[in-house]
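Colleague: I am new to this structure and would love a close look at one part of it. Could you take me through it slowly, and then show me what lies around it?

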Amino acid sequence: MISTISIRTHNRSEMIDITSMVSERLQQAGLQEGVCHIYVQHTTAGITINEGADPSVAADIQTMLDTLVPWEGPYRHLEGNAAAHIKSSIMGSSVAVLVESGRLKLGTWQAIFFCEFDGPRSRKVYIKFQ
Ligand code: ZN
């Protein structure tokens, strides 16, 4: 079974900590040992794991992504959101987290982030426990 998390984003670029929502789904699934796959079907959003304790880290990531991939550029994609597509590929569309003793085996400072790059939009994150 695939579990879905619906997210409403509010800015063009945004990193949203979804760790507690994923943990909640894990509790519901009751899996003790295995793998949690977290995946997005979107081409202008992504999923990543990074520090969740200090919000400056997510802010710095967004700032540097904007520096590396500016919104206005010599892009060919006519829709006007080429930067969002590129950032999506940089961050990737999935992560896998090990599950041990019924808990996500994340490091002390790690959090799972949904990354919006062409918001605001309604988005979906899919979770599969195996
Ligand atoms: Zn596009």
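Which residue is the bridge partner of Y39 in β8?

Modeller: Happy to help, and one caution before we start: this is a predicted model. The residue you are after is Y126, which sits in β8 as the bridge partner of Y39.

Let us widen the view from that pair. Strand β3 covers residues 34–39 and strand β8 covers residues 122–129, and the two run antiparallel, joined over 4 bridges. Both belong to an open sheet of 5 strands, paired in the antiparallel sense, whose order is β1-β8-β3-β5-β6. At its edges you will find β1 (2–8) and β6 (103–104), each of which pairs on one side only. Helix α1, made of residues 19–29, packs on this sheet. The helix touches β1, β3, β5 (94–100), β6 and β8, and its direction makes about 40 degrees with that of β8. As general background, the strands of a sheet are held as pairs through backbone hydrogen bonds, in either a parallel or an antiparallel way.

There is another open sheet to look at, with 3 strands in the order β2-β7-β4 and antiparallel pairing. Its edge strands are β2 (14–17) and β4 (45–51); each has a single partner strand, so one side of each has no neighbour in the sheet. From one strand to the next, the twist averages 35 degrees. Strand β7 spans residues 110–116 and is joined to β4 by 7 bridges, with the two strands running antiparallel. If you would like a residue pair to find here as well, N50 stands opposite A111 in β7. Helix α2 (residues 55–68) lies across β2, β4 and β7, and runs at about 150 degrees to β2.

Next, the charged side chains. The whole structure holds 4 salt bridges, and three make good stops on this tour. E116 forms one with R123, where the closest N and O atoms are 2.7 Å apart. Both partners are out of the way here: E116 is buried, and R123 is buried too. Another links D118 to R121, with the closest N and O atoms 2.6 Å apart. In that pair D118 is buried, because its relative accessible area is 12%, while R121 counts as partly exposed because its value is 30%. Then there is K105, bridged to E100 with 3.1 Å between the closest N and O atoms. K105 is partly exposed, with a relative accessible area of 48%, and E100 is partly exposed as well, at 38%.

Last, please look at the zinc ion. Its protein donors are H77 through NE2, E79 through OE, N81 through OD1 and H85 through NE2, at 1.9 to 2.2 Å from the ion. Along the chain these donors follow the spacing H-x1-E-x1-N-x3-H. Why is the arrangement called irregular? The 4 donor atoms subtend angles of 90 to 149 degrees around the zinc ion, whereas four donors count as tetrahedral only if all angles lie between 85 and 135 degrees. For comparison, the ideal angle for four tetrahedral donors at a metal is 109.5 degrees. As for accessibility, E79 counts as exposed because its relative accessibility is 56%, and H85 is partly exposed because its relative accessible area is 24%.

Notes. Residues numbered from 1 in each chain as written. Predicted model: local features only at pLDDT ≥ 70, side-chain atom pairs only at ≥ 80, totals over all residues. Heavy atoms only, no water. Donors = N, O, S within 2.8 Å, 3.2 Å for Na, K, Ca; no water. Tetrahedral: all angles 85-135°; square planar, octahedral: opposite > 155°, others 65-115°. Buried < 20%, exposed > 50% of the residue type's maximum accessible area, 1.4 Å probe, protein only. Pairing = 2+ DSSP bridges. Contact = heavy atoms within 4.5 Å. Axes fitted to C-alpha atoms, helices over the stretch in contact; angles between N-to-C directions.
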